[in-house]
Each structure stands twice: as C-alpha cells, then as structure tokens.
Amino acid sequence: MTFEVVRTDLLIGGQWRAGSDSRRIAVLDPATGSEMASVAAGTPTDAAAACDAAAVAQASWAATAPRVRSEVLRSCWQIMVDHTEELAELITREHGKPLGDAAGEVAYAAEFFRWNAEEAVRIHGSLSVAPLGNNRILVHHPPVGVVVMVTPWNFPAAMITRKLAPALAAGNAVVIKPPKETPLTALRVADLLQQAGVPNGLINVVPTLDSGSWFDAAVDHKATRMVSFTGSTEIGRVLLRRCADRVLKVVMELGGNAPFIVFDDADVDAAVEGAMVAKMRHSAETCTAANRFYAEAGVAGEFTSKLAAAMSGIKVGNGLESGVTCGPMINAAAIDTIDSLVQAAVGEGASAVVGGSKLDTPGFFYRPTVLADVDPGADITRHEIFGPVAPVITFTDTATMIDQANDTEMGLTAYVYTRDLAKGLSVSERIQAGMIGLNRGAVSDPAAPFGGMKQSGLGREGASEGIYEFCETQYIAASW
Ligand code: SIN
C-alpha cells in the first residue's frame, strides 16, 4: 500500500488541518522499531475546536430521520468492507498484528456499522398509564450530544467503530483522541466514513502528544456530555475522576485478567484450540485474552503439553509476512513488562515449557510461552500480561478454583471448557465476569453486550444495550 492515501492532519469540522502543536507524532513500525510515518499533533485548542464543530453538526444530525442515519451507517459498513485489504495492511503496519488478524479486525470493525444501521431505527421508548390513572408516562431516548472518545492501540479500527457506530446511530457527534501508537488507521477510517456520507463535523479526529491537557480541554468544553474510553483500569480511574467534575456520562472498557478453566471432562483438543484463540488472537494484545489457565488435575498434563505444542507451532515475525501468526508487541516497554512477569513467575517456581524470553532481533518480539506449575498465588496471576504468555495452574477442587478465579478486581472475560453443559452453565454463573466463553475461545460480537464487571468497566458496547449508552432518558408526564 502507499501511505499517500492516508491523510495525516487533524480532522475538525470536516476540514483537514495542521495541528497547533509544532511537533508531529512519530508512528513506529513495531516490527523494526523505526519511524514509518508522522501525523499532526493537536493541542487543547484543537480539542476545543473539535468540540465546537461537533456541537454544531450534532444539532442537525439529531434532527435527521432515523432511516437516513441508518442508511449513512450502512454506507459506512460498505466502504470499510470495500477497503478491507488496504485497511488491514495499514493496521498491520502500525500495530504489527498478522494480516489475517488485521483483515478480521476490519470485518469486525465494519460490522458495528451494519449492526447499528439496523438498530438506528429501533430506539424504543415507552408509554404507560400512571398508577393513579391521572396522567400518561411517556419515555423516549434523545441523543446525549457531543461524545469524547479515547481509544486504544490494540484494535486501531474496531475500538473506534464499536463506539462511533452506536453514537452516530443515536444522533450524537464525536471527538476522537486516537492513540499515538496507531493514529493512521483512525485518520484513514474517518476519511473513508466522510466519503461514505457522514456529514462534516460529526466525526472529529485529533491525535495528540499531550493526552492530559487534551482531555482536560475536551471534558471542560460545555458541549461535551459523555466520555467513552477503552484502555487500562489505571487510566480509566484518572479519566473517571476528571469526568466527575462535570458529571459526564461515561462508558469505560477497562482491563481484564481472564481465567480459562479446563475441567477433566472437557474435550482437550477443543480446549487447546479455544485456548490458542483466547490467548493469541491479535498477537495476544487483547483485554479479553486468557490470562490464567486453570486445568483440572486429570487433564492438566495433557492440556499443558498440547498447548505447548500449539504455541511452539506459532510463527513469530513481521505481520506482513505470509505464515506469521504472532506479530511484534506494540513497543519496547511492553516487552520489558511481559519479560519481567515471566522471570518473576519462574523465580516463584514455574517452569517455561516453551518460550520464556524475548527475541534478540530488531523490533518488539516475544516468544510464545507456556508456564507450567504456576502457583495459584503467583504474581503473574494478578497482572494483565498483554502478551503471548500462558501460565497454567493445576486445580483439584472446583470451589477453591472458582474462589481463585474470582480473587481479582478485574471481571471482563472468562472461559470454561467442559462437556457437561449444566456444570458449564453453573460455573459460568459463579464467575464474576461480564462475558463468558463456554466451550468457546472468543466472545467478541457486535450483536453481544461487551463489557466487564468490577474494575473492568462501566456500561456495555455492542448489542442493543450499546446504543442506549449513547442516549439520554427523558420522561414526559402527559395529560390528554
Ligand atoms: C479489547 O481488547 O479491548 C477488545 C477485544 C475484543 O473486542 O475482542
């Protein structure tokens, strides 16, 4: 692909303009560590200008017929699908994930538009008679207004569209701060969506080098009524505190620490296949990733050795190369964090059955790793690894294992493998997580409510729940 098609300025009010910051944001190729492009950097002034533009555009968009909004969203789906190859390559170049995963991400990202095109015409209210019979209670759901979106680098397209599509469907306008690691995909997607017919000013994209002051300006803008964030729990807490100053509506998709549970009666081959998806999709950099594997004693040996064999079969390398199934991690700091967790686990008595170290090559590569004999209390079980490392813990007692699986402030995803459906459902209900994969290694679906319990988040994205997050509730007490 040629980068010439990618606009690298800020998108504000439908215009591409230079950033007010004299610096530019260097985008690194994680497969080599070298700079591959740069984009304009926005300042608080640019963030405020984007909120101004969004406020103007939102008023007329909210007054547009739902069917018209729906058709614009459908065109957004189509244009993304038509540009799958180009977008996938762009994602691979700036994020590093293998091309197959990147194409899967484009399909996933586009699907949020198709799903929400169908939802835009189904935002329902209600009408009831007050219990005393003296008036009617009329409930409807107007849009929130201007929504600020702060998105992560692990899904450069899909974590934008999962928020953007329902926000637009409900009649809102948005100001997006993409991550400095992957701004190119954000800018290209916004450009395509404008070409698909999204009116000027509804989508504003302002990358920045100064996230804190950018966010302050966006939150303090009087038109801003909501913040939707995907990222770490640590940053989510900071943003939540800041949003409290203006009592803004929030949706927070935060960190995970998913247990992956394999019972003695599971189909072990299916569990290994599911484990590889739950652990390794998108180069293991997902917040839904299986983070701790609990294998019951009767299958622990077989599961661990088959998982190790599958992990050894992974080809690590530049995601653009054919056959590569695990790309580089996002940066050098990520590699250091992963390696320090692995070395600490080994220090606590675990053994690395495969992998256990970084690759000694340019770029940010880590060997797919399986750790056996991990102590249930080991430090690695308490941290989101965000890398290709699978710590396996053997368990004998289900109740104790469930206590250990729940002994975390995170509650995003969990995976359960058993041939006994009743057991699978009852264990699923006892796990404190917003999403459970029962005999499945993937839970993400635009038609399902994505989100976490406990400190993994607030609110849901996707499904019909996702669109109501971007709506207010107004009730009219009416007599007639
Ligand atoms: C995430 O990692 O934030 C999202 C993962 C997904 O949608 O599958």
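**Exercise 1. Secondary structure and overall shape**

Determine how many helices and strands the protein has, and state why it may be called as compact as a globular protein of its length.

*Solution.* Step 1: In this predicted model, the secondary structure consists of 14 helices and 22 strands. Step 2: The radius of gyration is 23 Å, and the globule rule gives 23 Å for 480 residues. Step 3: These values are close, so the protein is as compact as a globular protein of that length. Step 4: The C-alpha trace spans about 70 × 65 × 40 Å along the principal axes of the protein.

**Exercise 2. Burial, contacts and surface**

State what percentage of the residues count as buried, and describe the long-range contacts and the exposed surface.

*Solution.* Step 1: Of the 480 residues, 56% count as buried. Step 2: Consider contacts between residues at least 6 apart in sequence; 72% of them join residues at least 24 apart. Step 3: The protein exposes about 17,900 Å², of which carbon and sulfur atoms supply 52%. Step 4: There are 38 positive and 54 negative side chains, and the centres of these two sets lie 6 Å apart.

**Exercise 3. The two domains**

Identify which residues form each domain and how many residues each contributes to the contact.

*Solution.* Step 1: Domain 1 comprises 3–254 + 456–478, and domain 2 comprises 258–445. Step 2: The contact takes 24 residues from domain 1 and 30 residues from domain 2. Step 3: The C-alpha centres of domain 1 and domain 2 lie 31 Å apart.

**Exercise 4. Packing of a helix**

Name the buried residues of helix α7 and the elements against which they pack.

*Solution.* Step 1: Helix α7 covers residues 211–220, and its buried residues are W214, F215, A217, A218 and V219. Step 2: These buried residues pack against the helices α1 (44–62) and α8 (233–244), and against the strands β7 (146–150), β8 (173–177) and β10 (224–230).

**Exercise 5. Two residues in strands**

Decide whether T369 and F293 are buried or exposed, and list residues that they contact.

*Solution.* Step 1: T369 is found in strand β15 (residues 369–372). Step 2: Buried means under 20% relative accessible area; T369 has 0%, so T369 is buried. Step 3: Beyond four places in sequence, the residues that T369 touches include M311, V354, P388 and A390. Step 4: F293 is found in strand β13 (residues 290–296). Step 5: The relative accessibility of F293 is 0%, so F293 also counts as buried. Step 6: Leaving aside neighbours within four places in sequence, F293 is in contact with residues including F260, A275, F303 and A390. Step 7: F293 and T408 are 115 residues apart in sequence, and their C-alpha atoms are 14 Å apart in space.

Key
Residues are numbered from 1 along each chain as its sequence is written. This is a predicted model: local features need pLDDT of at least 70, side-chain atom pairs count only at pLDDT 80 or more; totals for chains, interfaces and linings use all residues. Side-chain values use heavy atoms; hydrogens and water are left out. Helices (H or I, at least four residues) and strands (E, at least two) are DSSP runs, numbered from the N terminus. The radius of gyration is taken over C-alpha atoms; the globule rule is 2.2 Å times the number of residues to the power 0.38. Buried means under 20% relative accessible area, exposed over 50%, partly exposed in between (1.4 Å probe, protein chains only). Contact means heavy atoms within 4.5 Å. Accessible areas come from the Shrake-Rupley method with a 1.4 Å probe; for residues, only the protein chains shown count as cover. Lys and Arg count as positive and Asp and Glu as negative; His and the chain ends are not counted. The place of a charge is taken as NZ of Lys, CZ of Arg, CG of Asp or CD of Glu. Domain bounds come from an automatic or database domain assignment.
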